[in-house]
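Please read the following walk-through with the coordinates open beside the text, since the discussion moves from one residue to one sheet.

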Amino acid sequence: MQRGRHVIPFSQLRMTDVETVGGKNASLGEMLSQLSEEGIRVPDGFATTAEAFRLFLRESELERRIHARLSALDVEDVRALAAVGAEIRAWVVAAPLPEALEAEIREFHAWLRADAADDIAVAVRSSATAEDLPDASFAGQQETYLNVVGVDAVLDRIRHVFASLYNDRAIAYRVHKGFTHAEVALSAGVQRMVRSDHGSAGVMFTMDTESGFRDVVFITASYGLGETVVQGAVNPDEFYVHKPMLAAGKFPIIRRSLGSKLIKMEFEPAAQAGAGGRTVRTVDVADADRHRFSLSDEDVLELARYAVKIEQHYGRPMDIEWGKDGIDGRLYILQARPETVQSQAGAEAQQRFKLKGSSQVLATGRAIGQKIGIGRVRVIDAAARMDEVQPGDVLVTDMTDPNWEPVMKRAAAIVTNRGGRTCHAAIIARELGIPAVVGCGDATETLAQAGEVTVSCAEGDTGNIYEGRLEMEVETVSRGTLPDIPVKIMMNVGNPQLAFDFQSLPNAGVGLARLEFIINNNIGVHPKAVLDYPRLDDELRRAVESLARGYASPRAFFEARLAEGIATIAAAFWPKPVIVRMSDFKSNEYKKLIGGSRYEPDEENPMLGFRGASRYIAPSFAECFAMECAALKRVRTTMGLTNVEIMVPFVRTLHEARRVTELLADNGLKRGEDGLRLIMMCELPSNALLAHEFLEFFDGFSIGSNDLTQLTLGLDRDSGLVAEGFDERDPAVKALLATAIKACRDEGKYIGICGQGPSDHVDFAAWLMQQGIESISLNPDTVVETWKRLAQ
């Protein structure tokens, strides 16, 4: 089909046509024409031109009237904004389309449905000439209409799309972004519908939306049409795909999260959708479907490959909407626009927020951004009341959409019952730099009487709303080049959800990744309860089943979640080494897991009890140890993250050293195979005194200065009565440290330290450097300052 004067088929559009058909339609044409050979499917369609929109305004004599109303408007006056917007939209919808434009639309609609036996369903989308720019997303500012059937309905919806240029949110957003109203025109895109009402749909970004980490594709998915995800009406499934492992042909899905997916949007049955009436509806998702992922692994990987190709073509991080047709089973790309927040962030410095106190957690959800907001709760139950939000309030509501943008920027933080990290409200919160916690479920109820609260998005993927005002600190962290020093600075990383953020700090990798943190936070259940399922009492069985939803079995859940936690850290720092310490729970800590009290002994002194290597080699723990090994093997072999090295804690004797390395080999983790290094925690006096003998079984030591100090000096580090004597710089401790460092140096093996000492005492770090230690692993918040002081 050749282009007309007022209408152009997608296949003849390129990104150079933004001024003609807007960013969204130009991008659809670019992908349809340039990426189809790469296997990327984009539904066909056509677009009206910006000049056609201007012709429409001129012929209906609306230009001057609109200009007069908007030039006198103060967009900060929410009531006036609503009144003016509604008046202008009514003018536009009532005006007839120019005859020449209507004739071309009818002609192109007939072309689009030529190969169909019946009339086709199309989406009528807006595309503004100032939309989807690299520094301003205009996300969701205008309207989209789905399941539009028949050319007369298409013509009607095009007028409504034109009118949506004057939505309240669009008027305010243009003012805030410095655009004049007259310079922005609208193009209507008419695109064949993908039958995702029978499948699934969602949004994906070619980077992590919160940290800006570039080496992942972040995908959200839910059942039905994608509007529920975009609008924030559902809490969707989430997937992270590691780009380097995708390119290497490995299994690159490093993390997934099961969303609640309570509702889905589908086509309204034809008999109920009258002319100009409702064309879609929302229905409840079946309980069984809620408890499984809405995408298969194969679909996730295909989408990730599409995303990478699109990003490579455009040369920048992208925000992409997709749909899976439930009838033909294929995946389609529906939109692609530049990501506008993290990709525009400065690279040299970053603000890092940190809570310095704690209180009762009133609600939790998905964290948007990494900031902390404090203010008085303002629960708004309807958009008509949003002008009640005062500067500094914490806005709490069921869900927001871009209509709320004029008042969102007043808020200290935003909290919603519904929504995921790729919905319009989340995108706008990021653009405004306001912390938001979405998908809390019942925040409007639990926070209704809360008074002042602290909204923290600085603790990983989970956002927490705390009672009252909590003290916090904000520091500016340099990302620039630091001076050379004769030691590698690594990091201690426990929380996988913070790994994408921490990797941006200067570092030589991860010197300590704790498995117990992942088990505690990502799994939550004792491994023996998983292994004993279903032979459990009713209460514990139900708890295990609830946690394992979406997985083939509780054991599959345990191994997969553990692997995903490890893989997230390994992917964040790839290809730098990531030393993963196998679980070092004490029996009293294991008891705190779900079901733990049923399996753990009562010990007088758990610190010196059933822990570390002695637990691994015990027959009663063999299958639990096998699950940890299976997760580590999956990360290294299946996922390809061979930067993972394994560390064994609390090895008391040479017998334990020999036996645990044999067990690791029996479980597919043989020292030296595929470059696997085994490291031992050097944290008992026996380890230093027999350093050469222990090194026969390991490729190096990582010093645990906390345990080594307390066991050398014979004091309980948790006892306030003797805490004053705890000091890693004691001569006896230093003597053992020097012995261990020299042994590793003599044998050419790795020697590092991952205890708290170097973070607390820079003079101790300097002494270690003088002794020839290879690496010092620090808590992330001390990396830059310690590095600079060591350089001096």
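Which residues does Asp461 touch, once residues up to four places away in sequence are not counted? In this predicted model, the partners of Asp461 are Arg255, Gly365, Arg366, Ala367, Arg421 and Gln497. One of these partners, Arg255, is also engaged through its side chain, which makes a polar contact with the side chain of Asp461 at 2.3 Å. Another, Arg366, stands 95 residues from Asp461 along the chain, and yet the C-alpha atoms of the two residues are separated by 5.9 Å.

As for its place in the chain, Asp461 belongs to the loop that runs between strand S20, residues 452–456, and strand S21, residues 462–467. Because its relative accessible area is 7%, and the cut-off for a buried residue is under 20%, Asp461 counts as buried.

Turning to another part of the structure, one finds an open sheet of five strands, arranged in the order S1-S2-S5-S3-S4 and paired in the antiparallel sense. The edges of this sheet are formed by strand S1 (7–9) and strand S4 (144–149), and because each of them has a single partner strand, one side of each is left without a neighbour in the sheet. On average, neighbouring strands of the sheet are turned by 25 degrees against each other, with direction ignored.

The pairing at the S4 edge can be followed in more detail, for strand S3, which covers residues 121–128, joins S4 in an antiparallel arrangement over four bridges. Within this region, Ala121 stands opposite Val149 of S4.

Technical notes
Residues are numbered from 1 along each chain as its sequence is written. This is a predicted model: local features need pLDDT of at least 70, side-chain atom pairs count only at pLDDT 80 or more; totals for chains, interfaces and linings use all residues. Side-chain values use heavy atoms; hydrogens and water are left out. Helices (H or I, at least four residues) and strands (E, at least two) are DSSP runs, numbered from the N terminus. Buried means under 20% relative accessible area, exposed over 50%, partly exposed in between (1.4 Å probe, protein chains only). Contact means heavy atoms within 4.5 Å. A polar contact is a pair of N or O atoms within 3.5 Å; within protein, one must be able to donate a hydrogen and the other to accept it, and residues adjacent in sequence count only if both atoms are side-chain atoms. Two strands pair if DSSP finds at least two bridges between them. Axes are lines fitted to C-alpha atoms, for helices over the stretch in contact, and angles run from 0 to 180 degrees between N-to-C directions.
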